[in-house]
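Please open the model in a viewer and keep the selection panel at hand. The tour moves from charged pairs to nonpolar interiors.

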Amino acid sequence: MKALIILEAINNRFSLTDQRLIDFTTVMCSSIDVLAINCNANRIMSLNWINKAFIFACTRPINVLIDSYRLSLIVSGLMLKYDMVLVDNNSNLHHILCYAGATTNRCVVSGIHDVIDYNVFTTLVHGGKMLKHIYFKYPKPWLMSVKLFYPTFVGNKNETDGWLRVVPKIQIINFNTDHCIKLLTYSRKDLGPYGLDLPKLTEADIVIAGGKSFGTSENFRRWLLPLALKLGAAIGATRGAVESRCAPSELQIGGNSQVISPKLYIAFGISGSDHHLAGIRYAKTIIAVNTDKDAQIFDTANYAITSDMYKVITTMTGWLQNNTIRNTNFSVSKFKKIII
C-alpha cells in the first residue's frame, strides 16, 4: 500500500511527532511519500523511511489557515494516487485534509490511535476511557487524522549521521502567492420538490410514478424516493395523487401538465385515466403494477404486474442493492421474471 503524509515544519524543523506519524504509517504501507510545508530539501533528510517528498516553492512562508483553500486543492489533486492520506490530528493540517476530502467525496476518520488489522483501526472515545474499532467502507484513498502525543523538536543532528537509509526523491510544487481565484458566475441548481438532484421528468431516461393509492405524501415519498435514487430515475404522479396531496403539483404527468418520453416508465398503483395515458404516450417501455387486473393502464403497458405495489418496490430495491447496473434493459429483464 502507498501512503501520503502531510507535515508542516516549524522554523524549518520537524518534531518528533512528525517522525512518529511516519513510523505509525510503516505498519500499514511499504511506500510513504510526504507533502512537506514550509521546509527546504535539506531538512527532508532528517526524516526516516521516506520514498518521495513534495515541497513548495514559495516567496513567503505558507500560512496553513490563510492558504487553506489552495492547499486543499493541491492535496485533493495528489491524494487520488494513494491508498491512504494521513495528518496529525492535533495540527491545523486536519482541516486541510477535511477540505480535500469534501472535494473528492471522502470523509476523514479522526483520532485514530492504533492499527488492529487491515482496514481495522481504533479511536479513543469518552476522554480516552474507551477504544472504538472502526473500518472504512468506501473506496481508497482512506483519509486518517492520527492522534499522537508528546511533540518535541528534533535537534540539529547531522542529516547524514545515521538518519538516512534511503535518499528521498524531491519534487518541488510551485505555490503562487500572487494568484487569486475570482468567482465570475454563480448559478443555483433547482433540486426539485424533494431537495435532491433527481433528473427532470421531461429529460429522464427512467421515470417511476405513483397514484393516489399511496394515501399520504409521507407514504408516497417513503416508498418512491429511495427507488428513484437507486435507479437514477425521475418521480412522477397522477392528477389524483396531486389532488389528494400525495405529491406536489410539479410532478404531475398528463392533462394540462407534462408529457414525458422516457425509455422506461414504471407505474405503481395507477389505474390509467385518459389524460394520464396521453402524458406517457411517448414512453418507449411501460411497466404497470396494479392489483386490479382490469385497470385501464394494462391496455397500454408493455408489461403488466398484478401484484401488491409495495412488494414489487421492495423486491426491486433488493435487486438494486446488490447490483450496480442502472439501465432499462436490466430493470425490464428483472420485471419479466415476476410478471403474471
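The stops below begin with salt bridges and end with nonpolar cores.

This is a predicted model, in which local features need pLDDT of at least 70 and side-chain atom pairs count only at pLDDT 80 or more, whereas totals for chains, interfaces and linings use all residues. Residues are numbered from 1 along each chain as its sequence is written, and side-chain values use heavy atoms, with hydrogens and water left out.

**Charged pairs**

A search of the whole structure yields 4 salt bridges, a salt bridge being a side-chain nitrogen of Lys or Arg within 4 Å of a carboxyl oxygen of Asp or Glu. Select R60 and D67: their closest N and O atoms lie 3.1 Å apart in a salt bridge. Next add R70, which forms a salt bridge with D67 at 3.7 Å between the closest N and O atoms.

Colour these residues by relative accessible area, where buried means under 20%, exposed over 50% and partly exposed in between (1.4 Å probe, protein chains only). D67 is buried, at 1%; R60 is partly exposed, at 31%, and R70 is also partly exposed, at 21%.

Move now to helix α6 (residues 239-243); helices (H or I, at least four residues) and strands (E, at least two) are DSSP runs, numbered from the N terminus. Here the side chains of E243 and R239 form a salt bridge, 3.8 Å from N to O. These two residues stand 4 residues apart in the helix and are therefore separated by about one helical turn. E243 is exposed, with a relative accessible area of 61%, while R239 is partly exposed at 37%. Returning to the earlier stop, R60, D67 and R70 are joined into one network by salt bridges that share partners.

**Nonpolar cores**

A nonpolar core is a set of buried Ala, Val, Leu, Ile, Met, Phe, Trp, Tyr and Cys residues joined through side-chain atoms within 4.5 Å. Which members of the largest core touch the most other members? Select I208, F220, L231, I235 and F268, which do so among its 32 residues. Elements supplying at least two residues each to this core include β10 (206-210), α5 (217-231), β11 (234-237) and β12 (264-268). The largest share, 7 residues, comes from α5.

Centre the view on I235 and display its contacts (heavy atoms within 4.5 Å). Leaving aside neighbours within four places in sequence, I235 contacts residues including Y194, L198, I208, F220 and L251.

Finally, select L7, L47, V146 and L148, which are among the 31 residues of another core, lying apart from the largest one.
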